[in-house]
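Reader: Please show me the sequence and the structure. I have some short questions about them.

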Amino acid sequence: MKSKQTTDNAISMPAAETVLSLYRTMVLIREFELKAREVFRTGRMPGFIHVYIGEEAVAAGVCAQLRKDDYVASTHRGHGHALAKGVTARAAMAELLGAVDGCSGGRGGTMHLYDPECGFLGSNGVVPPGILIAAGAALGATLHGGNQVAVSFFGDGGSNNGAFHEGINMAATWNLPVVFVCENNMYATEMPFSQATKNTNVASRAAAYGIPGVQVDGNNVLEVLREAGKAVGRARRGEGPTLIECLTYRWFGHHEGDPGTSYREKDEIASWKARDPVKRLKAEAIDGGVATEQDFAAIDDEIRDVLEDAAQFALASPLESVETALRHVYQEAVN
Amino acid sequence: MQTANTTLSGKVQEGSRVITYAEAGVEAVREEMRRNPAIFYMGQGVGVRGGNFQQSRGLHKEFGDARVRDTPIAERAQTGLGVGAALTGRHPIVDIVFLDFTLEALGEIVQQASTIHYISNGRFKVPLLIRAAGGGIRSTGPHHSHTFWSFFAHIPGLKVAVPSTPYDVKGLMKTALRDENPVIFIEHKALYNSKGPVPEEEYLIPFGKAAIARPGKDVTLVALGKMVAIAQQAAALLEARNISVEIIDPRTIAPLDKATILQSVAKTGRLAIVDEAYASCGMAAEIAAIAVAEGFDDLDAPVLRICTLPAPHTFSPTVDAYLVPSAEKIAADVAAMFGRH
């Protein structure tokens, strides 16, 4: 099986409902990250955040193809995946603040967002066990007789780690219902992908495992949506895993506080900002007559309110009492 | 407290069904897999072959390809997939076969499995049994002889069982498979063919409950896994010198039954810990610290650690046998606690 590069001219504009839903998710992620940066700069936020701005189309396009009971395992740059899978902005923002109303009760923070209600199996502080966790969730679903699909998001950095090989090989061998989504943003922290591997086409590696691989423009949400739809469909039909490589870019540094400019040229950053996935969808939809400026403006207003509310909620949420410090080290009940 | 009398040479008590340590494990897994459809088993060579040590013999025949799965040589994936499956409500048994190779999966065990219940604030649980055989047998050498139980017991969120008899294998394995935490279940490869009485009826051995493997009054010997049988041999040698040894087998070191150890020390006034693992920062050091911190007034002599000497395991049969505590070495060191040489 050969990897192939898709061409976006084959993509037709979906119905307004789909377009606006994708737009809403992308704007939700964008505004969430902007608000998180704002709060971070006040000094109220513990730890370090890795923001996802610039890559929103990947999470939005892939998760639009998933059901609530499907599974997602994510990365250190996981806010977008969590929100796209259904973690609320309130619960995610409170978690970033280490507050008790966070989706992990404030114990996980940015890199350990968990939510069983929507199948979110965690952002992760390690690169990239999410590949293994997603494959395991897919195995679990299969053994349970369900038809859930699991998705693993990971970066170009993750693709050079041993878990990529072990996890994809085993998932392929067992034909598990999992989709491996590589967000190739060209840098593993500061390491350019071209200096980290000889074969920079991640999708082509799928051939080594006997599964389909496809490289897409990760800043074109419609292309991501289409390819994710095929992959999720294959998985759900029991036809096994797919590897999707999404070419994208993070606008800012590796983490908040890293300007991201010592190892990346300003021109390169500017050229990717010009390929803003949010603006692109809006422009194409208006051009195509699927939605109007007012439709998008209404979503912008709605999401701004959602984030204002989320930030207020999160900042008002208390921190955990130390009296519960040893709770949940072990699951106490024995079945 | 029930103790099963078994030895490395296979001598057993009369009057009870006798099976091997390996068979006891298979029986426990089989019973629990019948009871709980969420349990499945994966590992290298655990299917049709029945496991390198016959520790999964017959399971594939009864439960089939879906629930008893052979894996590639990919311990990290085995364990990571186990974590993922556990998050969806399955209860995986991940058989790493050789304890040494848990190192290939250490990040998945320590960074993922042990932490998720806590850092998700109890929203997810990780019912996962990691099974592996530790310790040396017949010059298994540096890559197949390790004794990492202390590593795992160091980590909050993990439980660690190290059974020494067929009776304990069955009872502890059944408990492990009803516990919804990650459990590291370490059998000793030299014990798989040892025999002992194992009731056919159902029983469970709670974690954190030590066995008094031999009652005595002069000195407490804490020993684990294969070292319980070696300690029994040492105790027989010491008995001939009028030293009465009480052997405590913790059976699980996370949780650790401090109370039984401290009660024994209160009675005997002397404590020696025998460990096939290394002394430095290990189980023996932990138990010694507990005895000093919580039983200081009961101690009539310094606490003694009798552990494998700090060198890699070697193929050399003479040197490897020298590195690991022997009955003679234990007996000599314990006799010295009484000023006898």
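Reader: What is the sign of phi at the residue that follows H9(B), and near what value does it lie?

Author: This is a predicted model: local features need pLDDT of at least 70, side-chain atom pairs count only at pLDDT 80 or more, and totals for chains, interfaces and linings use all residues. Residues are numbered from 1 along each chain as its sequence is written, while chains are lettered from A and ligands numbered from 1 in the order written. Helices (H or I, at least four residues) and strands (E, at least two) are DSSP runs, numbered from the N terminus. After H9(B) comes B:Gly269, with a phi that is positive, near 80 degrees.

Reader: Why do the buried residues of H9(B) line one face of the helix?

Author: Helix H9 of chain B spans residues 258-268. Buried (20 or more other C-beta atoms, placed from the backbone, within 10 Å of a residue's own) are B:Thr260, B:Ile261, B:Ser264, B:Val265 and B:Thr268. They line one face because, down the axis of H9(B), they fall within an arc (of directions from the helix axis to the C-beta atoms) of 135 degrees.

Reader: Which elements do the buried residues of H9(B) pack against?

Author: Contact requires C-beta atoms, placed from the backbone, within 7 Å. The partners belong to chain B. They are strands E10 (219-222), E11 (245-249) and E13 (271-278), and helix H10 (283-295).

Reader: Which helix gives the largest share of the side of chain B that touches chain A?

Author: The contact takes 37 residues from chain B and 38 residues from chain A. H3 (75-87), H4 (106-113) and H5 (116-119) of chain B each supply at least two residues of the chain B side. The largest share, nine residues, is from H3(B).

Conventions:
Two residues are in contact if their C-beta atoms, placed from the backbone, lie within 7 Å. A residue is buried if 20 or more other C-beta atoms lie within 10 Å of its own, exposed if 12 or fewer, and partly exposed in between; C-beta atoms are placed from the backbone.
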